[in-house]
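Take a moment to turn the model around before reading on. Then let's walk through it together, one contact at a time.

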Amino acid sequence: MSAIDSFIVDVNDVFWTYLLIPLVIGAGLYFTVRSKAVQVRLFPEMLRVLKGKPQPGEDGGKAVSSFGAFTISAAARVGTGNIAGVATAVTLGGAGAVFWMWMMAVIGGASAFVESALAQLYKVRGAGGSYRGGPAYYMQRALGKRWLGVLFAVTITVTFGFVFNAVQSNTITSVATASLPASEAEWFGPAIGLLLAALLGLAVFGGVKRISSVTTVLVPVMAVVYLLLGSAVVLLNLGDLPRVFGDIVGGAFGFRELAAGGIGAAIQQGIRRGMFSNEAGLGSAPNAGAAAEVSHPVKQGLVQALGVFFDTLLICSMTAFVILTTNPELGGRQGADLTQSALTDTLGGWAGHVLTLVVFMLAFSSMIGNYYYGQSNIEFMTDRRWVLPAYRTLVLVVVFLGALGSVSVVWNLADVFMGLMALINLLAILPLSAIAFRLLDDYLAQRRLGLDPVFTRDRLPDLDGVECWEARPDRSPATAPV
């Protein structure tokens, strides 16, 4: 098993280093330049759109609100990667990895905007007035390549629906078991696995509206609790912050790190863990963004770009500050264990138990978001009635099994699948980004007139494959076609 694991790691390193990381950076920079840094200059507009009132669905309001779609995607983004992933990046890449994680978030915000605006434009109607969409849908409808959409749909379903959910379940069990006496650990894994499967079943069998309602509560609570806990650690170590920022910048550009090859490790870990955490350009968040009912596709593009900043610049940064203010030498710990030790060293043993609760909330909400990504893509591939209940049941089985054992090989395979997802999605949205920028021009033209932008498909009549943007009494063009 160790030989297989080592082989997967070697393949993964080559794949990310020589193909995916250059593609991610290049695409992000291209989108940033073409959009005139939409993710930065329209930040106030992101906040305005997020607070906007939900638009009514076609059958009386069964579609998900913009904020609801934001929380579904945030539920998948904000997971154990924010605690364990950041700690691993700092351990392997040094403090400089944090700087490159920040850069990845800023650049990746443009990629998140493009993919989510496209997902909104090419979404389709689901059951009961809901919507679904994502990369698979715009690959078929905009590029005319259904085979590519099916390939992406299979990849994201396996990656998020099964692999990532098993990892989240295992992480919850590992952190919770660490708080128990060794004599009780044997029975605790199966018990927590059954509990997680039961709770997830209650959420997913209620459909996307149930998912939205659950994550709308969980995501703000888990974020606030973790940020408060981290803020307490940082305040108690406030005098160390100048050193921490110095280590982050120095680790990213320092001559000592350059001589030792540390800058390369910092860049690789920062970008890989940053993408794993915020999912910008990965093609996952657009599946949630497409479910929203908004008056203009650009609105959801802006909301999902904001989600990248929420995940990385807030949650991930807090983890980095907690670790670096308390464990400057890092020691031999890594992953969630490193974050947990940093909290307990400063706040006491009770903080470890609170972190257990936080990890549970983070990982469980991630499982809900991960499940939805699989559901949306299964509905793209087939409409056979038995498939979706079978998928839901299999997800619950995987969640239970994930709580029972080690997932080292699964984590490394997840990196491969995640990279494949990003490769397929970025190659698709590079040519399609011109459409996203036309949508942005239309949106800004209406905003300059002081209007709340509204889009109908007759505003860009040359586009094929657009289904859900016909004129309605509550959705009429605000200006002349562009």
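What follows is a tour of rings, charges and a surface patch.

First, some housekeeping: this is a predicted model, where local features need pLDDT of at least 70, side-chain atom pairs count only at pLDDT 80 or more, and totals for chains, interfaces and linings use all residues. Residues are numbered from 1 along each chain as its sequence is written, and side-chain values use heavy atoms, with hydrogens and water left out.

Let's begin with the rings. A pair of aromatic rings is described by the distance of the centres and the angle of the planes. Here, rings of Phe, Tyr and Trp (its six-membered ring) pair if their centres lie within 6.5 Å; planes under 30 degrees apart count as stacked, over 60 as edge-to-face and the rest as tilted. Searching the whole structure turns up twelve aromatic pairs. One of them is F43 with F309, a tilted pair with 6.2 Å centre to centre and 40 degrees between the planes. F43 sits in helix α3 (residues 43-50) and F309 in helix α15 (residues 297-326), so their pairing ties together parts that are 266 residues apart in sequence. Helices, by the way, are DSSP runs (H or I, at least four residues), numbered from the N terminus.

Are these two rings buried or exposed? Buried means under 20% relative accessible area, exposed over 50%, and partly exposed in between (1.4 Å probe, protein chains only). F43 has 33% relative accessibility, so it counts as partly exposed, while F309 is buried at 9%.

Now look at Y137 and F380, an edge-to-face pair with 4.9 Å centre to centre and 65 degrees between the planes. Y137 is in helix α7 (residues 135-141) and F380 in helix α17 (residues 349-381), so this pair bridges parts that are 243 residues apart in sequence. Y137 is buried at 4%, and F380 is buried at 8%. F380 has another partner: R146 lies over the face of its ring, at 4.7 Å from the ring centre. For a charge to sit over a ring, NZ of Lys or CZ of Arg must be within 6 Å of the ring centre and within 35 degrees of the ring normal.

On to the charges. Side chains of opposite charge can pair when their charged atoms come close. A salt bridge is a side-chain nitrogen of Lys or Arg within 4 Å of a carboxyl oxygen of Asp or Glu, and that rule gives twelve salt bridges here. Which residues does D452 pair with? D452 forms a salt bridge with R48, the closest N and O atoms being 3.6 Å apart. That links the segment after α19 (408-448) with helix α3, 404 residues apart. D452 also meets K299 in a salt bridge of 2.8 Å, N to O. K299 belongs to helix α15, so this pair connects parts that are 153 residues apart in sequence. D452 is partly exposed at 40%, whereas K299 is buried at 9%.

K299 also leads us to S295, since a polar contact of 2.8 Å joins their side chains. Such a contact is a pair of N or O atoms within 3.5 Å; within protein, one must be able to donate a hydrogen and the other to accept it, and residues adjacent in sequence count only if both atoms are side-chain atoms. S295 is found in the loop between α14 (285-289) and α15, and its side chain reaches the backbone oxygen of P453 at 2.7 Å.

Terms used:
Helix = DSSP H or I, 4+ residues; strand = E, 2+ residues; numbered from the N terminus.
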